[in-house]
Amino acid sequence: MAALATFSMSPVTAKGVVDVSWTPNVEIADQSSKASPALASFGRQLHMVHLGNSSNNIWHSWFDGSRWTRNVQIPDQSSKASPALASFGGRLHMVHLGNSSNNIWHSWFDGSRWSANFAAPNQLSKAAPALAAFGSRLHMVHLGNSSNNIWHSTSDGILSTVRIGLKTLVAPTSFSISSALTSMRSLYEPLGFDVQVVDQETLDLPALEILDAGECVLGETTEEQRTLFANRDDLRANDIAIYFVRSTVPAYNGCAAHPAGIPACVVVAGATQWTMAHEVGHVLGLRHVGDSDNLMFRGGTGSITNLPPDIDLGQAVDMGKSQFSAE
Amino acid sequence: MAVTAEDVLVALGAEEPDYREAARTLGIESLPHLALLVRDDDEMLASKAASLAAFVGGSQATEVLVAASEHPQLSVRAAVAHGAQRLDPLDAERVLTALLEDSEPSVTGLAIRSAAAVGTAELRARLTEIARSSKSNELLREEARRGLGEA
């Protein structure tokens with residue numbers, strides 16, 4: 001006992017409780033929450049997410065070692081219980097319950113913006129989940145939907161996958177397929193979409209190199225489009241086939257009109273490096289918009305004001321709901 | 001209000017131009033601009049201009065398409081060959097006559113299909129020549145026979 005009394009790595013109170021030294025607490029200005037906040041180190045900052053003072057909206061701020069940023073509401077994300085945070089795979093991941101449901105939702109922050117949130121399939125909890133990185137996986141524990149049992153699951157941190165097949169009738173002339181793929185990934189991945197090339201082939205179909213695309217209206221296809229899109233090789237039903245052709249008649253940069261249940265689009269040789277991402281956006285359910293900074297700008301990818309183009313979170317949510325993107 | 005070159009470029013800049021709507025809103029006033037654009041070195045722009053001219057239609061559009069039919073890029077000539085079927089029969093004849101002898105079989109094939117769709121006596125006579133000629137490649141002969149209802 002004497003040895004213990006003289007060996008003191010930490011101060012010990014008279015009652016024998018370790019008295020870890022904490023600084024005096026300081027109120028974080030203009031930030032309040034109706035439930036417990038969550039905290040995680042990410043990059044060179046300490047990030048916090050929390051609910052609103054009286055709402056289920058989720059707010060985000062960070063501490064750089066000396067001061068907190070102003071908190072910013074994370075768009076389109078709300079929770080009825082405290083969120084949880086963990087840094088993993090170069091991103092800050094958050095899980096939280098639904099606004100009014102026990103569903104568990106997952107999103108990430110890449111250092112500049114939040115992805116859309118995606119429901120973790122078949123996982124429900126009646127209280128706030130907990131999240132941590134361990135080994136090469138992201139681990140989550142949570143209660144049951146109506147029980148106090150504790151459940152555990154892991155994730156590779158990928159929110160949703162877009163599987164594509166690249167089928168070349170005529171190689172592009174104004175961009176390369178690899179640059180179009182890089183461009184597409186640069187837009188899709190920060191929003192949580194892992195773009196996987198699952199098939200790549202050259203097709204010898206000279207009669208379809210100049211493709212009759214009709215008036216390129218959603219749900220309406222020509223006989224030539226249907227003939228071309230029948231060449232899916234080993235693609236699965238929900239994989240998106242992208243066909244590179246010389247041109248279309250009438251002339252389009254690309255066209256995403258495809259038969260129901262056969263996700264496909266064409267991109268012509270003289271298109272832009274963003275056309276492929278634009279056409280796949282259509283296949284995933286996106287419509288044209290008036291914002292000239294957006295990938296889906298109705299004026300075309302060659303007229304986008306500030307490159308790289310944007311995809312907003314509302315569009316990402318729509319893409320995530322598509323049957324052609326899969327968690 | 002007069003249609004400006006900018007108006008036309010905005011319509012053609014789209015990834016998937018709505019030609020029917022652009023022809024309705026821009027109309028024949030777009031044709032002087034399209035006449036310049038079909039000569040442009042940018043083959044996408046020239047192709048789209050030709051496609052729009054075909055949707056606008058009329059004798060002035062025919063002149064635009066005749067000019068476009070001489071563009072060195074085959075995608076432009078393809079747009080003309082396909083679009084010609086939208087013209088009045090005699091205008092279509094003017095545009096298609098040269099394209100039925102285009103050096104690129106893909107363009108000739110489109111011209112054959114348009115000629116069959118237009119179906120004037122003159123164009124059917126040309127299809128008959130192609131279908132019978134030993135100088136034509138077999139695929140084009142077959143396309144011409146199909147156009148004549150023989151295949």
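Trainee: Is helix α6 (residues 74-83) of chain B largely enclosed or exposed, and how many of its residues are buried?

Mentor: Keep in mind that this is a predicted model. A residue counts as buried if 20 or more other C-beta atoms lie within 10 Å of its own. Leu74(B), Arg77(B) and His82(B) are among the buried residues of α6(B). Helix α6 of chain B is largely enclosed by the rest of the structure, because the buried residues number 10 of the 10.

Trainee: Which elements do the buried residues of α6(B) pack against?

Mentor: Happily, you can look for them in both chains. Chain A offers β14 (210-212) and β16. From chain B, the partners are α4 (43-56), α5 (59-68), α7 (89-99) and α8 (105-118).

Trainee: How many residues of chain A are in contact with chain B, and how do they divide into nonpolar, polar and charged?

Mentor: On this side, β16 (247-249), β17 (254-255) and α4 (275-283) of chain A each supply at least two residues. Across from them, 20 residues of chain B take part, and chain A has 22 in contact. Those of chain A divide into seven nonpolar, 11 polar and four charged.

Trainee: In the open sheet β9-β10-β11 of chain A, which strands stand at the edges?

Mentor: The three strands pair in an antiparallel way. One side of each edge strand is left without a neighbour in the sheet, because each has a single partner strand; these are β9 (130-134) and β11 (150-155) of chain A.

Trainee: Which residue does His142(A) stand opposite?

Mentor: Strand β10 (residues 137-143) of chain A is joined to β11(A) by six bridges, and the two run antiparallel. Opposite His142(A), in β11(A), is Trp151(A).

Terms used. Residues are numbered from 1 along each chain as its sequence is written. Chains are lettered from A and ligands numbered from 1 in the order in which they are written. This is a predicted model: local features need pLDDT of at least 70, side-chain atom pairs count only at pLDDT 80 or more; totals for chains, interfaces and linings use all residues. Two residues are in contact if their C-beta atoms, placed from the backbone, lie within 7 Å. Helices (H or I, at least four residues) and strands (E, at least two) are DSSP runs, numbered from the N terminus. Ala, Val, Leu, Ile, Met, Phe, Trp, Tyr, Cys and Pro count as nonpolar, Asp, Glu, Lys and Arg as charged, and the others, Gly among them, as polar. A residue is buried if 20 or more other C-beta atoms lie within 10 Å of its own, exposed if 12 or fewer, and partly exposed in between; C-beta atoms are placed from the backbone. Two strands pair if DSSP finds at least two bridges between them.
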